[in-house]
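Got the viewer open and a free hand on the mouse? Let's take a walk through this one, a stop at a time.

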Amino acid sequence: MSNILSVLENFSLDNADDIAISMAHDFRKRRIEKNLTREQMAERSNVALSNIVRFEQKGLISLKNLIALAMAMDYTSEVKNIFSQPKYSTMEELTQIRKNTGKSRAFKKEI
């Protein structure tokens, strides 16, 4: 039964809150694997201890603090490159991406 639930969990639609909680859980796991206390992480990252606690418990954190935590855990390139590659799910999107490569701003679509 637990195998079925874990498979179904992977197919659920994510929302921002779920992703934040998942990231916080993964961060806590990585922090503990490195044998770092929250206090040590706060010192290493220059992120307030209260912000680390709030992140780990509720998934709430500013982007700047998330980047600081990632850098302190040696995940700089992963965070830095999050939007580095274009993503598409249809050929139309790929065509649009190729057409707009190099543009500096987007324009309203005309219907």
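Start by selecting Arg30 and Glu33: these two are three residues apart in helix H2, so about one helical turn separates them. Show their side chains and you'll find a salt bridge, with the closest N and O atoms 2.7 Å apart. Now switch on a surface. Arg30 counts as partly exposed, at 26% relative accessibility, while Glu33 is exposed, with a relative accessible area of 53%. Keep in mind as you click around that this is a predicted model.

**Zoom out for a moment**

Color by secondary structure. How many helices and strands are there in the chain? You should count seven helices and zero strands. Following the sequence from start to end, the pattern reads α-α-α-α-α-α-α. The chain has 111 residues, and 18% of them count as buried. As for how the chain meets itself, take the contacts between residues at least 6 apart in sequence: 44% of these join residues at least 24 apart.

**Stop two: H3 against H4**

Select residues 38-45, which make up helix H3, and residues 49-58, which make up helix H4. Their axes come within 9 Å of each other and cross at roughly 120°. That makes H3 and H4 oblique to each other, and their crossing is right-handed. Who does the touching? On the H3 side, show Arg38, Glu39, Met41, Ala42 and Ser45. On the H4 side, show Leu49, Ile52, Val53, Glu56 and Gln57. Color that set by class and you get five nonpolar, two polar and three charged residues in the contact of H3 with H4.

**Stop three: Glu56 and its partners**

Keep Glu56 selected and hide the rest of that contact. Is Glu56 buried or exposed? Glu56 is buried, with a relative accessible area of 11%.

Bring Arg38 back first. The side chains of Arg38 and Glu56 meet in a salt bridge, 2.6 Å from N to O. This pair links distant parts of the chain, since Glu56 sits in helix H4 and Arg38 in helix H3, 18 residues apart. Arg38 itself is partly exposed, with a relative accessible area of 23%.

Next, add Arg28. Here is another salt bridge to Glu56, with the closest N and O atoms 3.8 Å apart. Arg28 belongs to helix H2 and Glu56 to helix H4, so this pair ties together parts that are 28 residues apart in sequence. Arg28 counts as partly exposed, at 39% relative accessibility.

What's the idea behind such pairs? Side chains of opposite charge can pair when their charged atoms come close.

Now add Arg31 to the selection. Together, Arg28, Arg31, Arg38 and Glu56 are linked in a network of salt bridges. For the whole model, the count comes to five salt bridges.

**Stop four: Arg31 and its surroundings**

Center the view on Arg31, which lies in helix H2, residues 16-33. Arg31 is buried, with a relative accessible area of 6%. Which residues is Arg31 in contact with, leaving aside its neighbours within four places in sequence? Select Leu36, Thr37, Arg38, Met41, Glu56 and Met73 to see them. Some of those names should ring a bell: Arg38, Met41 and Glu56 also take part in the contact between H3 and H4.

**Last stop: two loop residues**

For the finish, turn to the backbone. Most residues other than glycine have a negative phi. Now select Asn46, found in the loop between H3 and H4. What is its phi near? The phi of Asn46 is near 60°, a positive value in a residue other than glycine. Asn46 counts as exposed, at 72% relative accessibility.

Then jump to Asp74, in the loop between helix H5 (63-72) and helix H6 (76-80). Asp74 also has a positive phi, near 65°, and is likewise a residue other than glycine. With 59% relative accessibility, Asp74 counts as exposed.

Before you close the viewer, show both loop residues alongside the salt-bridge network of Arg28, Arg31, Arg38 and Glu56. In that view you have Asn46 and Asp74, which count as exposed, and Arg31 and Glu56, which are buried.

Definitions and conventions: Residues are numbered from 1 along each chain as its sequence is written. This is a predicted model: local features need pLDDT of at least 70, side-chain atom pairs count only at pLDDT 80 or more; totals for chains, interfaces and linings use all residues. Side-chain values use heavy atoms; hydrogens and water are left out. Axes are lines fitted to C-alpha atoms, for helices over the stretch in contact, and angles run from 0 to 180 degrees between N-to-C directions. Helices (H or I, at least four residues) and strands (E, at least two) are DSSP runs, numbered from the N terminus. Angles under 35 degrees count as roughly parallel, over 145 as roughly antiparallel, 65 to 115 as roughly perpendicular and the rest as oblique. A crossing is left-handed if the near helix is turned anticlockwise from the far one by less than a right angle, and right-handed if clockwise. Contact means heavy atoms within 4.5 Å. Ala, Val, Leu, Ile, Met, Phe, Trp, Tyr, Cys and Pro count as nonpolar, Asp, Glu, Lys and Arg as charged, and the others, Gly among them, as polar. Buried means under 20% relative accessible area, exposed over 50%, partly exposed in between (1.4 Å probe, protein chains only). A salt bridge is a side-chain nitrogen of Lys or Arg within 4 Å of a carboxyl oxygen of Asp or Glu.
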